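Colleague: Hi! Could you walk me through this structure before I head back to the bench?

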Amino acid sequence: MNDISFQRYRFGRKLFIHAPPYKGLRSKETGEYVSKRLARIQPPFADAQAWQCSVYYFWWEFLRRHDGYRDCCARGGAGRYKKLYADFGDVHAYDTGDFWKWWTEKLDNEWKRGEFLFSEPAARRIAVQNKVLNTQTSDMLTVSIPLEVRTPQLVSNLRKLLEEHKDQVSAARNKSRALYPVAARVRLSTLHQTLRVWDTWNEHRHRKKKYEQAELAGIYVNRVVDHETVESLKRDNLPYGDVQREVRRRQTQAFNRYLAAANDYIENVGKGQFPLRSK
C-alpha cells in the first residue's frame, strides 16, 4: 500500500485526507503497532516512530530547513514570513523528538496546531436553495428532488445519480479543503531520502564530492555495469576504473536529482505549499 493514500483518516473529531501523525502503541508480544491504520502505512525509514510516518511530519522538517523562516523565528515572527509564522509558529523552538509537542500545541482558538493547519473543515450539509447558483463549482451537483417520491426511492435514485457522476464525486472527495492542503502525492520514503540528501549536502558540500555524499546519504544506484561490478573485477584482479567511474556518475546524478527536489520543497514550503516541485 502507498505511503500516502487518498482516504480520510479520523483523528479524534477531526478528519484528514492524508494520514496524520500518531503516537502509536506497540504490542509487547509482537512489537507491531496495535493500530491497524499504522500497520497499513509503510515507514519512511527503519525504526521510524509512529509520528514520523506522516507527510505532515516532513512538512515540519522541511520548514525547519528554510533559511528565511528560520530568521523569522529568530526575530519572533517579524519579517517576510510573518503570516506563515502566525499559523506555524516557531518550529525551531522544538527538537526533532518534540515534533509531537508542536503538533499538539493548543492555540488561542482552542484548536491543536496540527488540526488547525491540516484537518478538513466540517462537511457541508444538504440545503434548500431558492434558485440555481451561478457560482456552482465542480465539487457541487445541483439536483431537483420531487418531494412526492417516497424516501427509499429517493435514496436509491440519489445513489444511482452519484454512481453516474462517480469521477466528479471521486475528484471532489480527494480534494483537500484544509487551511494548508498537501500539494502532491510523494512517498514518505522519498521525502526522507530527500531530507537526508539536503542535510548531507549542507554538512559536507565543501569537503566531499557528490558521489561520496550519495554514499553517506544512503542513495541506492545500480552498481552493475555491463554485467560487472567493481567488487567482482577486484576479486578477479581486473581493471575496474571504467565501471567505478560509471557508478560514481550514477551516484552524482541521483544526488543532484534529490538535491534539486530538496531545493524546490524548501523554497515552496516557505510559501505554505508542500511537497511541491517548481516548474
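Modeller: Happy to; we can go from the overall layout to the core, the helix packing, the cysteines and a few backbone details.

Colleague: Great. What am I looking at, and which secondary structure elements does it have?

Modeller: This is a predicted model, so please read everything in that light. The protein has twelve helices and two strands. Along the sequence the order is β-β-α-α-α-α-α-α-α-α-α-α-α-α.

Colleague: How much of the protein counts as buried?

Modeller: Of its 279 residues, 38% count as buried. As for contacts with a separation of 6 or more, 61% of them come from residues 24 or more positions apart.

Colleague: And the largest nonpolar core, how many residues are in it?

Modeller: The largest nonpolar core holds 56 residues. Y69, F88, W102, F118 and F274 have the most contacts inside that core. The helix that gives the most to it is α12, residues 241-269, with ten residues.

Colleague: Let me pick Y69 from that list. What does Y69 touch?

Modeller: Leaving aside residues up to four places away in sequence, Y69 touches L63, Y81, L84, Y85, F88, G89 and V91. F88 is also one of the residues with the most contacts inside the core.

Colleague: Back to α12. At what angle do α2 and α12 cross?

Modeller: A word on the numbers to look for: two packed helices are described by the angle between their axes and the distance between the axes. For α2, residues 55-64, and α12, the axes cross at roughly 90° and come within 9 Å. The two helices are therefore roughly perpendicular to each other.

Colleague: Which residues in α2 and α12 meet there?

Modeller: From α2 you have W59, F62 and L63, and from α12 A262, Y265, I266 and V269. By class, that contact has seven nonpolar residues, no polar ones and no charged ones.

Colleague: Nice. What about α9 and α12, how far apart are their axes?

Modeller: The axes of α9, residues 188-204, and α12 are 8 Å apart, and the helices pack at an angle of about 95°. That makes α9 roughly perpendicular to α12.

Colleague: And which residues in α9 and α12 meet?

Modeller: On the α9 side they are T190, L191, Q193, T194, V197, W198 and W201. On the α12 side they are F255, Y258, L259, A261, A262, N263, Y265 and I266. Sorted by class, the residues of this contact are eleven nonpolar, four polar and no charged. If you compare the lists, A262, Y265 and I266 of α12 also meet α2.

Colleague: Changing topic: how many disulfides does a search of the whole structure find?

Modeller: Zero disulfides turn up in that search. Just to be clear on the term, a disulfide is a covalent bond between the sulfur atoms of two cysteines.

Colleague: C72 and C73 are next to each other in sequence, though. Why is the sulfur of C72 not in a bond with that of C73?

Modeller: Because the distance is too far for a bond: the closest cysteine sulfur to that of C72 is in C73, and it is 5.8 Å away. To count as a disulfide, the two sulfur atoms would have to be within 2.5 Å. C73 is likewise in no disulfide, with the sulfur of C72 as its nearest cysteine sulfur.

Colleague: Is C72 buried or exposed, and what about C73?

Modeller: C72 is buried, with a relative accessible area of 1%. C73 is buried too, at 8%.

Colleague: Now the loop between α5 and α6. What does E105 touch there?

Modeller: E105 sits in that loop, between α5 (99-103) and α6 (113-118). Residues up to four places away aside, E105 touches Y94, W111, K112 and R113. Its relative accessible area is 28%, which means it is partly exposed.

Colleague: Any backbone oddities I should look at?

Modeller: As background, most residues other than glycine have a negative phi, and most peptide bonds are trans. E110, in the loop between α5 and α6, has a positive phi of about 75°. E110 is exposed, with a relative accessible area of 56%. D47, in the loop between α1 (36-40) and α2, also has a positive phi, of about 65°. D47 counts as exposed at 71% relative accessibility.

Colleague: And which residues does a cis peptide bond join?

Modeller: F274 and P275, with omega about -15°. P275 lies in the segment after α12.

How values were computed. Residues are numbered from 1 along each chain as its sequence is written. This is a predicted model: local features need pLDDT of at least 70, side-chain atom pairs count only at pLDDT 80 or more; totals for chains, interfaces and linings use all residues. Side-chain values use heavy atoms; hydrogens and water are left out. A nonpolar core is a set of buried Ala, Val, Leu, Ile, Met, Phe, Trp, Tyr and Cys residues joined through side-chain atoms within 4.5 Å. Buried means under 20% relative accessible area, exposed over 50%, partly exposed in between (1.4 Å probe, protein chains only). Helices (H or I, at least four residues) and strands (E, at least two) are DSSP runs, numbered from the N terminus. Contact means heavy atoms within 4.5 Å. Axes are lines fitted to C-alpha atoms, for helices over the stretch in contact, and angles run from 0 to 180 degrees between N-to-C directions. Angles under 35 degrees count as roughly parallel, over 145 as roughly antiparallel, 65 to 115 as roughly perpendicular and the rest as oblique. Ala, Val, Leu, Ile, Met, Phe, Trp, Tyr, Cys and Pro count as nonpolar, Asp, Glu, Lys and Arg as charged, and the others, Gly among them, as polar.
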